[in-house]
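Thanks for making time this morning. I would like to take you through one model, starting with the whole chain and then turning to a single helix and a single side chain.

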Amino acid sequence: MAGRPPGAPPQTTATRPGAAPAASEPVTARLRKRLRRARRRLRTAGVDYFRGGAADWPVLCALALLVPLMILLNIWIPDWAPPTALVLPILAGALLLRPGSLVVLYALAALGLSAESVIHTGQRVASENPEAYVYGVTPGAALVVGAAGVGGLLLAQFRARVGVPWWGGSTMLFDLRERLRVQSRVPELPAGWHADMALRPAGGQSFSGDFVVAARTGPGQRLLEVVLADVSGKGMDAGSRALLLSGAFGGLVGSLPAHDFLPAANGYLLRQSWEEGFATAVHLVLDLDTGEYELLSAGHLPGMQRLAGAGRWEVKEAEGPLLGIYDGAKFEGVRGRLNRGDVLMLCTDGMVEAPGRDLAEGMDRLMGEADRLVPGGAPGSGAGAAAALIETVARDINDDRAVLLLWRD
């Protein structure tokens with residue numbers, strides 16, 4: 001053996017330094033090892049199950065044991081454990097089991113409900129005063145348990161169709177919403193530049209058909225590109241399309257020349273073949289050194305610039321069709337310059353449209369409120385102005401609303 005002096009006896013398990021025979025290993029040490037292995041296996045199985053990649057028979061066995069427990073409790077203490085207590089394992093199974101396993105649990109629950117009925121009927125007959133015996137399985141209790149079972153089976157089938165566990169579906173939606181919010185943030189701007197953005201979905205929902213994509217691009221990241229888009233529909237109906245488009249638009253911004261962005265976005269929407277697949281968008285390209293900018297629009301509301309020197313607002317309207325309507329669309333931009341004290345405002349139609357009100361009237365009201373909330377572009381003067389504009393101008397409108405303010409001091 002390598003490393004052993006010539007003539008030395010071979011080392012065995014019994015003679016190797018620091019080794020002890022397996023037979024002489026303390027019982028407590030062996031038990032601790034087995035306990036650690038069992039704990040590891042249980043933890044691994046739990047993680048696999050909650051990721052949706054393991055069998056659900058352990059959960060089925062645990063819930064199946066609850067059924068006879070509920071029957072015993074109903075017989076011993078019927079005042080505290082009525083027949084409708086079987087709803088508890090049924091609801092837990094609806095959240096944790098697959099549809100096939102859930103049917104097995106429902107069969108056990110039905111047998112348990114029948115057993116309770118038979119036992120209480122026997123106790124009623126054997127009692128001295130059967131008319132005074134008030135316990136048992138009433139038709140109403142059976143109806144409640146059956147209704148819970150039907151609802152649970154529908155929920156389990158929905159989970160199986162989606163392909164995510166119940167705890168994973170809500171987590172995934174939360175993650176998507178947070179990603180959309182992070183992507184909508186305007187990046188940090190150089191000294192002298194300020195931005196404020198607010199977005200409110202229709203009806204107080206979590207997802208909106210309006211979204212913003214912003215990034216610093218160009219040599220030295222001296223260009224600010226912002227896309228404000230409004231997907232057809234509102235609230236949850238448009239939320240899924242907005243999530244998809246925001247990711248696509250985020251990949252296009254900065255990857256293409258400014259004049260190629262809207263044509264590429266238009267082609268992307270056409271390839272989706274959605275029944276309600278159109279959208280409006282405005283694309284701002286701002287030079288952070290000179291203040292010069294260009295607005296390109298796809299059927300979107302015009303931009304609005306407050307000229308500090310003149311003390312008035314100026315409408316910046318670019319021309320272009322809606323996104324997703326026809327191929328080969330052309331988009332003509334409009335140029336401008338943000339001087340010190342100027343404010344540029346972009347918004348979606350939810351900020352200015354209202355039943356019985358003209359669009360121009362809504363824009364005038366919005367510019368008047370913005371004039372009051374962002375006075376002269378003084379440092380910090382516009383903090384929270386975008387949210388205040390929504391609360392003041394479009395608080396009660398049941399539509400997605402988004403507004404972006406950019407100003408220079």
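I will begin with the chain as a whole and with how confident the predictor is in it.

What you see is a predicted model, and the protein chain in it has ten helices and ten strands. Of the 409 residues in the chain, 41% are buried, and the accessible surface comes to about 21800 Å², with 59% of that area belonging to carbon and sulfur atoms. If we take the contacts with a separation of 6 or more, residues 24 or more positions apart account for 68% of them.

On confidence, the average pLDDT of the chain is 82, and 80% of the residues score at least 70. Among the elements, strand S5, residues 292-298, has the highest mean pLDDT, at 96, whereas helix H6, residues 166-183, has the lowest, at 62. I would also point you to residues 17-23, over which pLDDT stays under 50 and for which the model has five contacts beyond four places in sequence.

Let me now turn to helix H9, which covers residues 359-373. With 15 residues at 1.5 Å a residue, helix H9 should span 21 Å, and its end C-alpha atoms are indeed 21 Å apart, so the expected and the modelled spans agree. At the N-terminal end, Asp 358 acts as a cap, with a side-chain oxygen placed 3.0 Å from the backbone nitrogen of Ala 360.

Which residues of H9 are buried? They are Gly 362, Met 363, Leu 366, Met 367, Glu 369, Ala 370 and Leu 373. Seen down the axis of H9, these buried residues fall within an arc of 165 degrees, and therefore they line one face of the helix. On the other side of H9, Asp 364 and Arg 372 are exposed. The cover over the buried residues of H9 includes strands S6 (303-307), S7 (312-316) and S9 (343-347), together with helix H10 (385-393).

Strand S7 brings me to the side chain I wanted to show, since Lys 316 is found in that strand. Is Lys 316 buried or exposed? Its relative accessibility is 12%, and because buried means under 20%, Lys 316 counts as buried. The side chain of Lys 316 makes a polar contact, at 2.7 Å, with the side chain of Glu 314. Leaving aside residues up to four places away in sequence, Lys 316 touches Tyr 293, Leu 295, Pro 302, Gly 303, Gln 305, Val 334, Arg 335 and Gly 336.

Conventions:
Residues are numbered from 1 along each chain as its sequence is written. Side-chain values use heavy atoms; hydrogens and water are left out. Helices (H or I, at least four residues) and strands (E, at least two) are DSSP runs, numbered from the N terminus. The expected span of a helix is 1.5 Å times one less than its number of residues. Buried means under 20% relative accessible area, exposed over 50%, partly exposed in between (1.4 Å probe, protein chains only). The arc is that of the directions from the helix axis to the C-beta atoms. Contact means heavy atoms within 4.5 Å. A polar contact is a pair of N or O atoms within 3.5 Å; within protein, one must be able to donate a hydrogen and the other to accept it, and residues adjacent in sequence count only if both atoms are side-chain atoms. Accessible areas come from the Shrake-Rupley method with a 1.4 Å probe; for residues, only the protein chains shown count as cover. pLDDT is the predictor's confidence in each residue, from 0 to 100.
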